[in-house]
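Me: Please take a close look at one part of this model, the loops that join its helices and strands. I should like a single connected account of what sits in them and what they touch.

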Amino acid sequence: MRILFVASEAVPFIKSGGLADVVGALSKVLHQMGHDVRLVLPRYQDLDSDSFRLLPLMPEMKVQYGDETMVGSVLRCSYPGTQMPVYFLDEESFSQRPGIYGNGRSDYPDNDKRFAFFNMAALWLLKGLDWQPDIIHCHDWQTGLIPALLRHHPVVSQEAFYQDIKTVFSIHNLAYQGNFNKFLVPMIGLPWSVFTTDGLEFYNKTSFLKSGLVYSDELVAVSPTYAHEIQLDEQGAGMAGTLRSRAVNLHGILNGIDIDEWNPAVDPLLAKDYKIDDTKGKAACKAALQKEVGLPVDPGTPLIGMISRLVSAKGFDLITKALESLLQLDAQFFVLGSGDSEYEEIFEQAAIDHPRRFAAHIGYDADLSHRVIAGSDMFLMPSYYEPCGLTQLYSMRYGTVPVVRHTGGLADSVFHANDQSIEQGLGTGFLFDDYRPDVLIETIRQAIDLYKNEPKKWNHLVKNGMSRDFSWANSAEKYVKLYETAMAAKPKPAAEETKS
Ligand code: ADP
């Protein structure tokens with residue numbers, strides 16, 4: 001099968017969140033399974049082009065944007081350790097600016113133009129390569145115009161070259177939608193007939209996300225529970241109706257993790273390695289982490305780690321409301337993250353006020369994230385919503401017990417611990433439902449009680465998590481089946497889906 005991945009981020013090249021982990025790991029696994037997989041990314045300034053040995057491939061890539069001809073180029077390299085081709089679309093609005101979506105303070109105001117270039121150039125690239133994929137797998141709003149262009153762009157939709165290509169659109173986070181000025185439609189050569197409420201219009205804006213939701217052949221949400229939740233009005237971010245209308249094509253597949261990168265038995269970033277049948281090294285990792293982040297080195301006090309974008313959707317409004325009470329508990333907390341300045345300041349202040357209980361590293365640090373996952377006893381993730389979540393999966397693999405809210409992928413991956421479920425080998429963490437500070441505090445208290453008073457049960461719980469298989473193998477098979485479904489479907493007449 002020939003599969004083109006198009007995404008705005010992918011490890012190991014460029015990452016701001018879980019999207020990058022998924023795109024990098026899933027494409028690699030599908031390639032290892034023998035499929036002809038290729039990946040297209042924008043060429044950002046922050047990309048380290050020397051270490052990835054980018055070579056020029058096409059000196060000129062022209063894209064028409066209204067009256068303007070945008071001129072870029074294409075570079076290529078192989079995905080590290082494989083023969084998988086990776087193409088980088090180079091245009092100055094990507095390669096001459098820092099960051100991915102913005103400059104750290106706000107998003108770039110011309111993201112519509114930047115990513116319109118990216119979507120169109122990804123399609124033109126295929127003709128330049130003379131390589132016809134069976135499937136284009138698009139990820140999140142940044143790639144959402146591709147399915148619309150394939151079906152409705154007057155040139156693309158008529159060209160035999162593009163006729164048989166099917167599209168799969170992955171929803172990593174419905175809250176990010178790429179809604180822009182409606183005049184983007186003619187700028188990229190699409191007819192106004194797509195600008196309807198059944199098409200890519202969203203409250204008089206052109207929505208990249210909605211374009212992906214409406215015009216792709218199949219849709220995937222990154223966990224089964226999230227696939228269900230986003231069809232409910234309360235959690236559908238305005239897209240629930242659209243998603244319900246596509247319910248037959250909407251699937252939920254839980255993300256996997258890269259078990260080579262995340263393996264406590266061989267992780268070079270840890271103070272000491274450990275594995276399920278010999279977890280002694282974990283204590284050394286905890287002591288090293290306590291030392292590194294300036295908390296008292298104390299094996300008996302549970303260390304609760306957090307690694308996240310600091311935004312309220314990840315539950316930080318709940319944590320800050322509960323903070324005074326949490327700091328009374330017999331535990332230590334460590335936060336690694338950056339995001340809303342309100343939370344950054346609260347955590348920095350808490351670290352100053354309670355140096356024996358609380359520490360924070362404001363920023364992004366991939367190496368430290370491994371040491372936090374390994375050195376913590378518990379991992380806290382009280383998200384308001386969580387499409388999949390990866391850090392709870394890393395945590396279980398590293399013997400760190402997740403304390404999470406029962407939503408999205410957290411509900412699909414963590415099994416609530418009680419005497420019986422631990423004994424049966426099922427329980428892997430602590431879950432709570434109500435999004436309330438008192439419920440959060442009570443759940444953490446339960447976890448601390450078990451940790452302190454029932455070490456045998458705690459060890460059993462740790463091992464239950466470590467024995468889970470969160471590798472991509474399982475989920476990658478599900479994607480292959482989905483691609484086959486998309487390929488078997490008859491083409492949809494263009495007239496049918498734009499009538500309103
Ligand atoms: P999201 O994509 O919504 O941010 P996920 O849990 O799916 O959340 O993925 C987040 C990814 O980003 C994980 O790999 C996590 O380890 C990483 N991450 C988030 N914040 C930081 C940080 N401050 N430093 C290092 N890694 C981080």
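Reply: Helices here are DSSP runs of H or I with at least four residues, strands are DSSP runs of E with at least two, and both are numbered from the N terminus. The model is a predicted one.

With those elements fixed, D340 falls in the loop that separates β14 (332–339) from α12 (341–353). Its relative accessible area is 34%, which makes D340 partly exposed, because that class covers the range between the 20% limit for buried residues and the 50% limit for exposed ones. Together with E342, E345 and E348, D340 makes up a negative patch on the surface.

On the other side of β14, the loop that begins after α11 (316–326) contains L327. Here the relative accessible area is 6%, so L327 is buried. Once neighbours within four places in sequence are set aside, the contacts of L327 are H354, R357 and F358. By contrast, P191 lies 58 Å from L327, C-alpha to C-alpha, with a sequence separation of 136 residues.

R357, one of the residues that L327 contacts, also takes part in a salt bridge. Its side chain meets that of D330, with an N to O distance of 3.8 Å. This pair connects distant parts of the chain, since R357 belongs to the loop between α12 and β15 while D330 belongs to the loop between α11 and β14, 27 residues away. R357 is partly exposed, at 24% relative accessible area, and D330 is partly exposed as well, at 34%. Through salt bridges with shared partners, D330, R357 and K452 become one network.

What does helix α13 (residues 366–375) pack against? The buried residues of α13 lie against α10 (280–293), β13 (303–310), β14, β15 (358–362), β16 (378–381) and α14 (391–397). The elements that border the loops described above, β14 and β15, are thus among the packing partners of this helix. Seven of the 10 residues of α13 are buried, and the helix is therefore largely enclosed by the rest of the structure. Those seven are L368, S369, H370, V372, I373, A374 and G375.

The loop leading into α10 from β12 (250–252) is where N263 is placed. N263 counts as buried because its relative accessibility is 19%, and the limit for that class is under 20%. Not counting residues up to four places away in sequence, N263 touches R397 and Y398.

Loops also supply residues to other salt bridges, of which the structure holds 22. In one of them, D110 pairs with R97, and the closest N and O atoms are 2.7 Å apart. D110 is in the loop between α2 (92–95) and α3 (111–129), R97 is in the loop between α2 and α3, and 13 residues separate them. D110 is partly exposed, at 22% relative accessible area. Another salt bridge brings together the side chains of D217 and R151, at 3.2 Å from N to O. Because D217 is in the loop between α7 (208–215) and β11 (218–221) and R151 is in helix α4 (residues 145–152), this pair ties together parts 66 residues apart in sequence. D217 and R151 are both buried.

Some loops have backbone features that call for comment. Most peptide bonds are trans, and most residues other than glycine have a negative phi. The bond joining V11 and P12 is cis, with omega at about 5°, and P12 is placed in the loop between β1 (2–6) and α1 (18–32). Y203, which is not a glycine, has a positive phi of about 50°. Y203 occupies the loop between β9 (201–202) and β10 (205–207) and is exposed, with a relative accessible area of 69%. A237 likewise has a positive phi, near 45°, without being a glycine. The loop that holds A237 runs between α8 (224–229) and α9 (240–245), and A237 is partly exposed, at 37% relative accessible area.

Methods
Residues numbered from 1 in each chain as written. Predicted model: local features only at pLDDT ≥ 70, side-chain atom pairs only at ≥ 80, totals over all residues. Heavy atoms only, no water. Patch = residues over 30% accessible without salt bridge, like charges linked within 9 Å, V, L, I, M, F, W, Y side chains within 5 Å. Areas by Shrake-Rupley, 256 points an atom, 1.4 Å probe, with all protein chains shown as cover. Salt bridge = Lys/Arg side-chain N within 4 Å of Asp/Glu carboxyl O. Lys, Arg positive; Asp, Glu negative; His and termini not counted. Charge placed at Lys NZ, Arg CZ, Asp CG, Glu CD. Buried < 20%, exposed > 50% of the residue type's maximum accessible area, 1.4 Å probe, protein only. Contact = heavy atoms within 4.5 Å.
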